[in-house]
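Work through the three exercises below. Keep the structure in view and check each step against it.

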Amino acid sequence: TFIAGIIAATDDNGIARAGVLPEGRLNLQKIADHDGALYFSYAISAMLDLAEGDLGVRVLNYSIASSSTTAAFDDAVEALGRADILLVAAAGNCGAADCWDADNDDHPMYPASASGAHVLSVAGSLRDDSLNPWSHHGVRSVDLAAPGVDICSLGVRSDTATYSAAGTSYAAPLVAGTAALVMGT
């Protein structure tokens, strides 16, 4: 709900929180189980559904990062490129400011560090446009930074709930929504 709100919350929702693309259409893919645990197999299946189907999806927001990958996951990411789907991926977050493994050039995070012109890797920035010290980065592997602190969007507890959060998972949907707006989707 929070990510979807960043991208496409309608501007007439009565809580003064509009998404980047309030008239946008979302295709939501579930990649977590009922306990919230995430699995590569769910993500692979969702990406392949988008790549193989004719659902009209041109931009995929991926607000999850992992330090490992599998051949099947890499194949699914490549399939998105063949389907001409832009994959906007969160670069990842540190557990502490300026962590030792924050440079994705040296310590890749996936899918943000995947190769391909269709992969757009997003770091998080502070209000002054400097890099958030909790954000992963990389001269070669991270493409841009977007606001990644004090991001306010829709909550799940009620129809009027909102809350704020920080991280590259919230910077990426700002970029995904903007990309969809530019692409006219």
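Helices (H or I, at least four residues) and strands (E, at least two) are DSSP runs, numbered from the N terminus. This is a predicted model, where local features need pLDDT of at least 70, side-chain atom pairs count only at pLDDT 80 or more, and totals for chains, interfaces and linings use all residues. Residues are numbered from 1 along each chain as its sequence is written, and side-chain values use heavy atoms, without hydrogens and water.

**Exercise 1. Find the unusual backbone spots in the loops.**

Start with the general rule. Most residues other than glycine have a negative phi, and most peptide bonds are trans.

- Step 1: go to the loop between H3 and S2, where Asp84 lies. Asp84 is not a glycine, yet its phi is positive, about 60 degrees.
- Step 2: move to the loop between S3 and strand S4 (144-147), the place of Asp129. Asp129 is no glycine either, and has a positive phi of about 75 degrees.
- Step 3: look at the loop between strand S2 (86-90) and strand S3 (119-125), which holds Pro111. Tyr110 and Pro111 are joined by a cis peptide bond, with omega about 10 degrees.

**Exercise 2. Describe how H2 and H3 pack.**

- Step 1: take the axes, which are lines fitted to C-alpha atoms over the stretch in contact, with angles from 0 to 180 degrees between N-to-C directions. The axes of H2 and helix H3 (residues 71-82) come within 9 Å and cross at roughly 25 degrees.
- Step 2: classify the angle. Under 35 degrees counts as roughly parallel, so H2 and H3 are roughly parallel to each other.
- Step 3: list contacts (heavy atoms within 4.5 Å). Residues of H2, including Phe40, Ile44 and Met47, meet residues of H3, among them Phe73, Val77 and Leu80.
- Step 4: sort them by class. Ala, Val, Leu, Ile, Met, Phe, Trp, Tyr, Cys and Pro count as nonpolar, Asp, Glu, Lys and Arg as charged, and the others, Gly among them, as polar. The contact has 13 nonpolar residues, no polar and no charged.

**Exercise 3. Name the elements that line the largest pocket.**

- Step 1: define the pocket. On a 1 Å grid over the protein atoms alone, a pocket is an open set of points where a 1.4 Å probe fits, with protein on both sides within 12 Å along at least five of seven lines; lining residues have an atom within 4 Å of a point.
- Step 2: pick the elements. Helix H1 (2-8), helix H2 (40-52), strand S1 (59-62) and helix H4 (168-183) each supply at least two lining residues.
- Step 3: sort the lining. It has 21 nonpolar, 9 polar and 3 charged residues.

Technical notes: Parallel < 35°, antiparallel > 145°, perpendicular 65-115°, else oblique.
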